[in-house]
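Thank you all for coming; I would like to take a few minutes to walk through the structure I am putting on the screen, looking at its packing, its strands, its cysteines and its internal space.

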Amino acid sequence: MTRTITERLADPEAEREEGRRKMDWAMQHMPILQALSEEFSADKPLDGHTVGMAMHVEAKTATLVELLAEGGAEVAITGCNPLSTHDDVSAALDSHERITSYAERGVDDDTYYAAIEAVIGHEPTITVDDGMDMVAAIHQDYPDLIDSIVGGCEETTTGVHRLRAMDDDGELRYPVFAVNDTPMKRLFDNVHGTGEAALSNIAMTTNLSFAGKTVVVAGYGDCGRGVAKKAKGQNAHVVVTEVDPNRALEAHMEGYDVMPMRDAAEVGDVFITTTGNRDVITREHFERMNDGVLLANAGHFDVEVNLDHLSDMAVDRYEARDGVEAYELDDGRRLNVLAEGRLVNLAAPIALGHPVEVMDQSFGVQAVAVRELAERGREYAPGVHDVPDDLDREVAEIKLAAEGVEFDSLSEAQEEYMDSWDHGT
């Protein structure tokens, strides 16, 4: 039987206090969740529901978890990445009377998936995923639970891609909101959050500057766009690699050099993958790289940089500094992998994830999407669904009000004009 984090810690009380300190700091800077917390605590929209979660368990996520519990839900949570959990935050969550946390940092694959199964054992009626591991496990191993699940939410690009593939195959048997695809998530979390967090954690982990270096960004989706923009802002020379002609052209028109990874491998100093796909950097690229390059992943799973290929090529491996493993090749070149090829902004030793303000927006959308499922989940057919636009706007309006920003609204005449097809010249 999988034990909770509290049962696995030597001094859970001390861990809880430190976790609570981190969570309190985060909540001070999350006005959207503050506003929703008041509403959820008063209205209890999730009363009677059990929410099963697989997320990055750190301070910002914890504010969402507590919000759902205060809204009336029973919540069970574990991690969605073996290196992104903060044990002290996990312990603080586990002390809440309506929350059970199984998340622990640094577990092996068997323990990681056992914790997901432990969460599923709570028989969730709503799932909240980051990467789709929980949805996949339910469909593959616990299909009898599906009829009692009203719906789910998916946080990240990789998870939405997996869900859409599952939906296309006719295998997704309950409705899931693609939270990742909302403007409040995609345009802020993916662009600014990933850009800032990836670069800041690479800098803190290595104590190196980006100025004057060539930074190779693999993928020019929202995450890659953010990484490229932020690297350019730190006076790096930016190269983009892409497989999509439209995105490659967009990167070119934004002023970046665009080339195949085979060519970029010869000129890059820092490589950051953001594709969500596998084998983006492989043996043929390692063979061309210069001594001392940095290899980091800002996608989701640890498959973008092929470490099996690199291990086969290496004659020696050693820890160059905390969070940096050097692979020495037979010609003396050293290629440095950050955070074991996992999410560098969450899995590096001192990583704290995206900025608090950015995650306030993303988790605000998660909260209202969970509320929508609790209230109207049975109205949605199985499959991937966009989050209703009025929910995304609700979160945006809360944020603008908190920032003291006023904005215009359409008049009745303008609304009628925009909704009509018969206004000609």
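Let me begin with the largest nonpolar core, which has 48 residues, and in which Met53, Leu68 and Val75 have the most contacts. By such a core I mean a set of buried Ala, Val, Leu, Ile, Met, Phe, Trp, Tyr and Cys residues joined through side-chain atoms within 4.5 Å, where buried is under 20% relative accessible area, exposed is over 50% and partly exposed is in between, with a 1.4 Å probe and protein chains only. Helix 16, residues 356-376, gives the largest share of this core, ten residues; helices (H or I, at least four residues) and strands (E, at least two) are DSSP runs numbered from the N terminus.

Before going further, please keep in mind that this is a predicted model, in which local features need pLDDT of at least 70 and side-chain atom pairs count only at pLDDT 80 or more, while totals for chains, interfaces and linings use all residues. Residues are numbered from 1 along each chain as its sequence is written, and side-chain values use heavy atoms, with hydrogens and water left out.

What does Leu68 touch, once its neighbours within four places in sequence are left aside? Counting heavy atoms within 4.5 Å as contact, Leu68 meets Phe40, Leu46, Val51, Met53, Ala73 and Val75, and also Ala367 and Val370. Another core, of 28 residues, lies apart from the largest one and includes Ala76, Ala118, Val135 and Val160.

Turning to the strands, there is an open sheet of eight with mixed pairing, in the order 9-8-7-10-11-14-13-12, and strands count as paired if DSSP finds at least two bridges between them. Strand 9 (257-258) and strand 12 (314-321) are at the edges with a single partner strand each, so one side of each has no neighbour in the sheet. Strand 11 (residues 294-297) pairs with strand 14 (residues 334-338) in the parallel sense over two bridges, and Leu294 stands opposite Asn336 there.

As for the cysteines, the structure holds zero disulfides, a disulfide being a pair of cysteine sulfur atoms within 2.5 Å. Why is Cys80 without such a bond? The closest cysteine sulfur, in Cys223, is 14 Å from that of Cys80, which is too far. Cys80 counts as buried, at 4% relative accessibility, and Cys153 also counts as buried, at 1%.
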